[in-house]
Amino acid sequence: MNIPVAQPFIGDSEKKLVDEAMDSKELSGFCGRFISKFEKGFAEYSDCEYGVSTTSGTSALHLALAVLKIGPGDEVIVSSFTNMATFFAVLYQGAKPVPVDIEPDTWNLNPSLVEEKITKKTKAILVVHIYGHPVDMDPLIALAKKYNLFIIEDCAEAHGAVYKGRKIGSLGDIGCFSFYANKIITTGEGGMITTNNKDLADRARMLKSLAFGDKNKFMHQEIGFNFRMTNIQAAVGCAQLEKIDFIIDKKREIAGLYNDQLEKIEELQLPVEKPYAKNVYWMYHIVLRGGLKDKRGLLMSALKKEGIDTRESFIPYNGQEFFINQGLAKKSDCPVSNMVGDRGLYLPSGPILSEKEIIYVSDNIIKIINEHK
Ligand SMILES: Cc1ncc(COP(=O)(O)O)c(C=O)c1O
């Protein structure tokens, strides 16, 4: 057996649309029918009026902060437990990220810890719907109203997830998605911002394309970026969009099967689905506890020997040596993030996993745990 953590779900329809894009000779991010089709289709899927495609999830986050004019002197509250791209985006803009710890069950930003971090300099709350589970948004939306803050959603891992009947990406001012190869749907590399605000969408469109002028293209409006997704990537995206609900159903089915196999193992903390949430289980993430808490390396290498690929959890912002050494972060800041970062891992979660493979992975986990109790 050789079971990777993720594999894109691609086939003939992607090839067909890529061929069409190639035949049309419209390859760049400037022209070609697939870009606007993908943007419109994905925005609509995410309950948003506007979608602006980008080159990656990282550039979508960077663009969102630039669109909102967040820069030097500003502070942005960010969930500490995330891919560091979320923090990099704040730092690219010269603003200060303020890490906040997470909930022990969803691993998302803990809303009850946010208000104490708000200062006169705070401009935005940047939430991350981690591993596919939506953040508890209502308390944050209330805080954003009270203190006049923007909300940016990092949706890189949670396409199609739902919070109280509404799709993520439509809950704050701007949603930021990634279409990297291991994401729910992919364009190889790619990203998108979603919004219901026309002014923000227009500004994003302008900034992502070198801030070209309206009347005279080469009279630039300000300092812009080249964050344009190509028409070829968008063609892949259009084919993927047709499959998104199927992929999410598969991810939920896989999570259900893992839950059935692993729920009796006391030493494993499994992912949850809160009553307010539809979790899309981007990756099936678990945390080791009890006698297993220091045995992640051992478990991962024993699984590898059986052909099963796994990944460690993210190292939180407050655990990153680069930031600690510069005095930007303190390890003691976010204890729950540290605990999850040290003891968490995710299991194979690609949408083409078979039931047999899930049982094989689970049986091996149980066998290894029993050997090392
Ligand atoms: C939470 C989160 N934010 C941002 C990113 C960055 O996206 P990309 O790799 O497309 O730049 C990722 C993953 O790659 C992610 O998991």
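The shell around the ligand is made of five nonpolar, eight polar and three charged residues. The model is predicted, and every value below is computed from it. In this model the ligand sits in the largest pocket. A separate part of this briefing covers an open sheet of four strands.

**The shell around the ligand**

- The ligand is surrounded by 16 residues.
- The closest of these residues are Gly-57, Thr-58, Asp-154, Glu-157 and Ser-178.
- Two helices, α3 (57-67) and α4 (85-92), each supply at least two residues of the shell.
- Helix α3 gives the most to the shell, with three residues.

**Polar contacts with the ligand**

- Thr-58 has a polar side-chain atom that lies 2.5 Å from an oxygen atom of the ligand.
- Glu-157 also places a polar side-chain atom by the ligand, with 2.6 Å between this atom and a ligand oxygen.
- Gly-57 takes part through its backbone: one of its backbone N or O atoms lies 2.8 Å from an oxygen atom of the ligand.
- On its own, the ligand has 380 Å² of accessible area, and the protein covers 91% of this area.

**The four-stranded sheet**

- The strands of the open sheet follow the order β10-β12-β14-β13, and their pairing is antiparallel.
- β10 (268-269) and β13 (311-312) stand at the edges with a single partner strand each, so one side of each has no neighbour in the sheet.
- The partner of β13 is β14 (residues 344-347), and these strands pair in the antiparallel sense over two bridges.
- Across this pairing, Arg-311 stands opposite Tyr-346 in β14.

**Points to keep in mind**

- Which residues have a polar side-chain atom placed by an oxygen atom of the ligand? They include Thr-58, at 2.5 Å, and Glu-157, at 2.6 Å.
- Which strands stand at the edges of the sheet? They are β10 and β13.

How values were computed
Residues numbered from 1 in each chain as written. Predicted model: local features only at pLDDT ≥ 70, side-chain atom pairs only at ≥ 80, totals over all residues. Heavy atoms only, no water. Near = heavy atom within 4 Å. Polar contact = N/O pair within 3.5 Å; in protein donor to acceptor, adjacent residues only side chain to side chain. Areas by Shrake-Rupley, 256 points an atom, 1.4 Å probe, with all protein chains shown as cover. 1 Å grid on protein atoms, 1.4 Å probe; cavity = no way out; pocket = protein on both sides within 12 Å on 5 of 7 lines; lining within 4 Å. Sits in = over half its atoms within 2 Å of the grid points. Nonpolar A, V, L, I, M, F, W, Y, C, P; charged D, E, K, R; others polar. Pairing = 2+ DSSP bridges.
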